[in-house]
Every structure is written in C-alpha cells, then in structure tokens.
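Good morning, and thank you for making time for this presentation. Please look at the sequence and the structure as I bring them up, and then I shall take you through them.

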Amino acid sequence: MIMTRARATPDAGTGGSVGTPDAPRPPNRVRERFRASRVLWLLALPGLAYFLFFHYGALFGNVLAFMNYVPFLGISGSEWVGLAHFERMLTDPEFWNAVTNTLVIALLQLVFFFPAPLALALLLHSIVGDTVRKFVQSVVYLPHFLSWVIVLALFQQMLGGAGVVNGWLSDLGASPLAIIGNPDVYGPLVVAQLIWKECGWATIIFLAALSQVDEQQYEAAAIDGASWGRRLWHVTLPAIRPVIVLLLVLRLGEFLSIGFEQFFLQRQSVGPETGEVLETFVYFTGFAGGDFGYAAAVGLFKGVIGIVLIYTANKVAHRLGEQGVYKS
Amino acid sequence: MSSSAPAWMGRPGPAVRAAKAIALTVVVILVLFPLWTVLATSLAGPQEVISNGGWVVWPRLLSFDAYADILEGGIITRALVVSGGVTLVGTALSLVCTIALAYTLSRPDVYGGKPMLLLVLFTFLFPPGMVPLFLVVHSAGLVDNYAALILPFLINVFNLVVMRGFFQSIPKELIEAARMDGAGELTVLRKVVLPLSKAVIAVIGLFYAVAYWNRFFEAIIYFNDQTMWPIGTVLRQYVTGGASLSEASGELAATSPQSVQMAVVILATLPIVVVYPFLQRYFAKGVLTGALKA
C-alpha cells in the first residue's frame, strides 16, 4: 500500500486544498478511519481538485457580475458596482430580445423535439428483424457524435442557397427556397437541426423502457383481439408513461439550456435580432464587446433561474415517485 | 432477443408494414444522404463540381486531389494533428481521473465519502458560466496553452456517475474476497474491477474522445494564435464561417473550392465514423445499465 501511494498523485495539478480533513477532536478514531481510506483519497484527489478549481472556482468567478471588470486591472483593481448590471438588464432591449428568442426556441424544442425520439423509438421497437433494427439504430445514433460545425456544414450543403435541394428545385424549374440565413424560418430550422442530430440518440432511453414492458400484457391484449394500434395505446404507452413524464419534467428543468454552439455558429447568418439567445448574448457582450461584468451578470441570471428550474423539476420528479438526477 | 417474432406481436397488416418500411427508409436516407453528398463532392473532379453548381451526388470520375492538397501540410494538416493530440492526451487523462474518482465514490465506507459525493453532484446544478470559467482558465495561466482544451473539461459529471454506477454493480463478494486475500485498493481496482468494466470504459472513452475531437469554441476564446487551432475551429472559419480556404492555403487551382471544403468536413468526420462501429456494440451493455441507475 505504501509503495503505491506515490503513483496516484502525479496529475493532481493545481489543487490539493482538500488533502487532509484533519481531525483533532477524537484523534485516534478519525485518524484511523482516514488512514484506512488513504489510498482511496489519493485516487480521488485529482478529480476533486478538478471540481474544486474549475467548478467551485468558476462559481466564485461570478463576483464579476457585481464589478466593472477590466481584465488589465484584474479583480482586485476593478471597481465594484453592486447591482448596477442587473438594473441595466431590466431596461436593456437587446437583453430582452435574447430572452424572448431563447424562450421561443425552447418552446419549439419542447413541442417538436421532445416527442420525436418517442415516435422513432416506437418505430424502432416495432421492427421484428434484429439485423434491420441494429442497422437502423447504428445509423440514427451516428449524428449525435458529429460536432455542430459538421452538422451545420451538412445543412448548408443540403439546404443552402447553392445546396442540393435548391439545385433539384431549379432543375425542376421551381424557384429556390431561402432556408439557411432566412430569419423567418430560423426557429423551425434550428429545431430541425436538433432533431437530425439528437433524435436517434435520444431514443435509447425510450427503447430501454420499451424493452421492460411486460410481454404478458401484449399477449393478453392480442388474445382479446386488440388491434396493433390499440395495443400501442392501451399497453405500450401506459407502460412507459413514467419514463415519459420523468424525461418531460427533467427537460422542463433545463428549459433554458437550449445549447450554445449551434446558436453561436448561426447568429451571424440571421442577425442578432432573430439569432441572439442568452448564451450568445453573454459571448458577444463579454468576449466580443469587452463588457465582462455585464456579460457575467446575464450569465449568473440565467444560471440562477436554471438552478431554480432544475431544483423544482427534481422535487416534482421525486413526488411522482421517480428518481431525480442528483439522487445518488 | 429471439430471431422469430412472438405470435402476439402479430402482423400489423400489409398497409401498416409498408408504411413502417417507408418511414424507416426515409429516416435512414435523411441521415446518410447528406454525408454521402459531402463525400461525393469531396471526391469529384473540379469541372464536374463547378458545372453542377457546387455539389455532386454521383461523381463520374474520382479524384483525390482535394485530399492531397489539404494534407500536403499547412493549416488543415496542422489542425488535424492538434485535434488528434488533444483527443489522445485528453481522453487518457479524463479516463484515468474519472475511473479513480468513480472508484473511490463507489466504495461504501470511505472516510468522508458522503461529502465528497455531494461536492461532485452539486456541480450538476450550476454548470460553470462562460465568463467565470474564462476567468479561472485565465488566472491559471492556460491562455495559449493546449491544456485549456483539456483541463477545464477533465471530468464530465454524467460520465462519472455512469462509471460509479457500473462499479457499484460489481458484486461486493468479489471485491471483499480480494481484500481478504490481502490485496490493496489499487490491486483490487486493477485486477478485479477494471477487467470487469471494459464495456463501460470503452463507451465513456468514446464519449470523452468525441467531445475532445469536436471541441472548437474554446480555441476561439483561449488562443490568440490561430496556428494552435484544432480542426473544428478551422472548419468553422473556412466552411461555415464563409472564409475562403483557397486564400488561406495558397493556390489550389487543381481542385474546386467546394471539393476542398467538403474534404475538410470528411476528414473532421472520419475518425468518428471509423471508431464508431467498434464501440457501438457496447452501447446497449455499458451505458444503459449505468445511465438508467444514475
């Protein structure tokens, strides 16, 4: 045990503040218990240091929201402004525009993205042949692993002004469709992109639930002469309802988390009026505009609402008799 | 899963079956066709691409000039090397740290184990904001350092929880028996736990590798030096950002700009498509059991 001690430490990095939960009071007991788990603590150390430094450190970094932060002056040299940034948010039309866009996209995602994987999962589940099902599953999982940059390059290639679809339309003599970069269809477009990328992967949890459905119920229903559609409605859907409700509640808990990269990459193409969402607002105000304090305030505002939503969602999920996300 | 259908699943009738077959075909085509045209365009000769208006579905003659051009050295080659390096080093570090922490958190009577777990799970509630995280990375002196693409993302809480759940599902008797025989925790981890966890390690490794390979945004805010950019960032600049690749890498007269752009897309996609089938068979086994428990 003593030999192995040194091996666990090398990449502990910057941290180390957690090392010893020293114990003066009942000295023997605690020290003994800690000694017993010494190796395990050493194993945990790099990971704990990571969380303390990057997560809790960033939590502390939120003080920027109450300052006029100037990178050159640092935190100690910058001026405290109290709640001024939050007051400014209340009357900033660009901020409210970002809030509105975020809510609209979140709502579109909820209505059109949420049911899509369920439908696809039902379709996949109903495939009888194993080979066919595995092939289709492999295909539909794949886009999840592609980056947003690649996905958007594919959409550009297909639907862009000089893309494949418009090429076909012009071959047919029809007028081209303006889809990419058209503010009027931006909402539906970003949801379509999300469905293309994530719908297949999101079926996994529904498929797992579907495989748990009691087969005897199907049998009974079939013997009673229930049609295919009636079995779906009266057996399958009630059986997986807890999973659907749980996922819905959790999704509501992350309502504002509509994603960042997808919107960051496309904001320019439709302009900020349509394309600005809260997180791009933070980026363009802070990093592009240099107004770090205000950007941090907007980020903190979104973060706090996020905590409230997730916490509420988990309470609701527990009440529904399901396990929440952070119940271990 | 038996190969023949149970009787009660029944035959839904020809109309429903036809509708299902059509729906599945459409889904598969919607996923694969865009990838196919990108590949086809990257392999088509310049005249064909230009005469067809910028894209090709079925190239008449194959040309690898676009690939030869961008792999000759220069910005794309360098970006691929950067991404490959970050992915290899990052995945290895992430896996080691995730396994180590997950193992400790999976053991029942670690001193201080409960607060440790809460400390980690609590971060679910507040993902670090963009500006505060920048401040941390900046103060750690990681600007213009490849570590800025790795260290802030070292452990993903979801992956950690899945890994811990998997370790907990390993029968206690196995671990206790090894401890009785005098094996230390590290030996137990190496000889008992890890060999049983190959599936989950493969899947979590894939998740980390894909995340590192695909990361592009951080390079924009952390690197002043564009020669340090990984492939995703370069791709954004020259493909979706609209900047011209031919301007960046000198003369590419032998190839059409569209072919070159699509070749870049293919090269950025290729590693994922190559690794994917090998790990795909683990998905059901590893992730599901862990994820459902989490």
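**Confidence, contact and core**

I begin with a caution: over residues 1-8 of chain B the pLDDT stays under 50, and the model has 6 contacts beyond four places in sequence for that stretch. This is a predicted model, and a second stretch of chain B, residues 246-252, also has pLDDT below 50, with 9 contacts in the model beyond near neighbours in sequence. Where in chain B is confidence lowest, and where is it highest? The lowest mean, 48, belongs to helix 13 of chain B (residues 245-248), while the highest, 95, belongs to helix 4 of chain B (residues 75-106). Taken as a whole, chain B has a mean pLDDT of 84, with 86% of its residues at 70 or more. For the complex, the predictor gives an ipTM of 0.88 and a pTM of 0.86.

Let me turn to the record for chain B. An unreviewed UniProt entry places the feature "transmembrane region" at six spans of chain B, among them residues 79-105 and 117-140. In the model, residues 79-105 of chain B are 100% helix and 0% strand, with end C-alpha atoms 37 Å apart. Residues 117-140 of chain B are 62% helix and 0% strand, and there the end C-alpha atoms lie 25 Å apart.

Next, chain A. It is divided into domain 1 (3-80) and domain 2 (84-319). The C-alpha centres of these two domains of chain A lie 36 Å apart. Their contact takes 7 residues from domain 1 of chain A and 6 residues from domain 2 of chain A. On the domain 1 side, 5 of the residues are nonpolar, 2 are polar and none is charged.

How do the two chains meet? In the model, 79 residues of chain A are in contact with 75 residues of chain B. Helix 2 of chain A gives the largest share of chain A's side, 16 residues. By class, that side of chain A has 53 nonpolar, 20 polar and 6 charged residues.

Finally, the interior. The largest nonpolar core has 148 residues, and those touching the most other members are A:Ala44, B:Leu101, B:Val131, B:Met163, B:Leu235 and B:Val264. Helix 2 of chain A (residues 38-61) supplies the largest share of this core, 14 residues. Both domain 1 and domain 2 of chain A contribute at least three residues each to this core. Apart from it lies another core of 5 residues, including A:Leu246 and A:Ala317.

Key. Residues are numbered from 1 along each chain as its sequence is written. Chains are lettered from A and ligands numbered from 1 in the order in which they are written. This is a predicted model: local features need pLDDT of at least 70, side-chain atom pairs count only at pLDDT 80 or more; totals for chains, interfaces and linings use all residues. A nonpolar core is a set of buried Ala, Val, Leu, Ile, Met, Phe, Trp, Tyr and Cys residues joined through C-beta atoms within 7 Å. A residue is buried if 20 or more other C-beta atoms lie within 10 Å of its own, exposed if 12 or fewer, and partly exposed in between; C-beta atoms are placed from the backbone. Helices (H or I, at least four residues) and strands (E, at least two) are DSSP runs, numbered from the N terminus. Domain bounds come from an automatic or database domain assignment. Two residues are in contact if their C-beta atoms, placed from the backbone, lie within 7 Å. Ala, Val, Leu, Ile, Met, Phe, Trp, Tyr, Cys and Pro count as nonpolar, Asp, Glu, Lys and Arg as charged, and the others, Gly among them, as polar. UniProt positions are given in the numbering used here, feature names are shortened, and annotations may be inferred rather than shown by experiment. pLDDT is the predictor's confidence in each residue, from 0 to 100.
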